[in-house]
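Trainee: Could you take me through one part of this model in detail? I'd like to look at the sheet and whatever packs against it.

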Amino acid sequence: TDPTSYRREDLLHDKLSSVRSFFAYSGKHPFTVKPRDCMAWRKQLEKSYKPNTVYARMSRLSSFFGWLIADPTIGKHMRVNPVSLARPKCPAPYQSESSKSLSDDEMNRLLASVRKKADEGSVIDKRDYALLLLFFLSGLRRSEVLSLRGKDVDVLDGKLIIKYRRKGGRYVGRELADSDVITAIEDYLACSGRVNVRNSERPLWTRHDRAGRAGAPLTSHAFVKNIKQHATAVGLKGFHLHQTRHTFARIFSEDSGSMAETQEALDHANVATTRAYVQRIAIKRDKFSSSIKRRIKSSQ
């Protein structure tokens with residue numbers, strides 16, 4: 001895992017969890033693991049998890065064995081990756097049930113739930129409301145928002161300017177004209193006593209729970225755990241954070257009607273990716289039923 005990654009802690013958590021789960025299941029030493037052991041674990045995972053999750057966990061396990069093989073000493077005793085023959089094919093992108101966007105009503109119910117708690121004065125809820133609103137309004141990816149530092153956010157002419165490292169590593173800027181997200185961020189920083197974080201290298205979002213180190217960057221696991229509790233409270237089952245991006249894509253594509261503009265808004269390098277993305281989550285507007293209905297009536 002790249003030591004410079006802003007999501008290093010989250011990535012390590014995911015990788016270690018998958019590897020430890022496999023060895024707890026198999027009870028074997030890495031040198032004695034066979035493809036059949038990996039296949040047995042895969043079948044066990046398939047009983048409880050969706051294809052995307054199974055693929056991700058098998059891939060992390062494969063990465064672990066690849067790391068062992070690449071080691072000059074350990075590699076002498078292990079030449080074949082046992083996961084290679086057991087790993088499933090990568091699921092088609094944006095084809096799972098989890099890629100659904102939220103409806104306008106679901107989005108508003110979730111935001112209202114978090115806003116209500118934020119208005120009660122909790123610094124954690126104020127942080128989570130500012131974050132959730134930013135996710136919905138920008139359509140940015142998890143890592144792009146959670147890795148923001150104080151110097152990456154500014155307000156110019158009443159607009160929020162964000163500089164973030166997009167997927168692929170290149171830095172880009174984005175403007176948000178909504179005043180509510182500016183107010184939410186300022187409210188969070190004031191409540192947490194961190195107004196001076198601006199123009200600094202320090203993380204914009206930090207942990208405030210008792211278990212977390214003071215000033216430590218907020219992990220996506222901690223944030224998602226809180227938001228899922230709000231989602232459950234308003235009747236949203238199986239909510240995941242990437243649905244904020246799906247929702248952004250749905251609304252943007254419906255209102256703009258332009259695939260090229262939607263591609264640019266989502267930071268997709270290829271328009272084919274955007275097309276697959278939008279076709280899965282968008283609801284096509286009815287343009288023809290009224291005309292057809294008139295003809296049906298005229299023929300009766």
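Mentor: Sure, let's start with the sheet: three strands in an open arrangement, ordered 1-2-3, with antiparallel pairing. Strands here are DSSP runs of E with at least two residues, helices are runs of H or I with at least four, and both are numbered from the N terminus. Strand 1 (153–156) and strand 3 (171–176) are the edges, each pairing on one side only; pairing takes at least two DSSP bridges between two strands. From one strand to the next, the twist averages 25°. Keep in mind that this is a predicted model, where local features need pLDDT of at least 70, side-chain atom pairs count only at pLDDT 80 or more, and totals for chains, interfaces and linings use all residues. Residues are numbered from 1 along each chain as its sequence is written, and side-chain values use heavy atoms, leaving out hydrogens and water.

Strand 2 (residues 159–165) runs antiparallel to strand 3, joined to it by six bridges, and Lys 163 sits opposite Gly 173 in strand 3. Across strand 2 and strand 3 lies helix 5, at about 100° to strand 3. Angles run from 0 to 180 degrees between N-to-C directions, using axes fitted to C-alpha atoms, for helices over the stretch in contact.

Helix 5 (residues 123–138) also meets helix 8 (residues 220–233): their axes come within 11 Å and cross at roughly 85°. That makes the two helices roughly perpendicular, a label for angles of 65 to 115 degrees. Among the residues in contact (heavy atoms within 4.5 Å) are Leu 131 and Phe 135 from helix 5, and Phe 223 and Ile 227 from helix 8.

Methods: Parallel < 35°, antiparallel > 145°, perpendicular 65-115°, else oblique.
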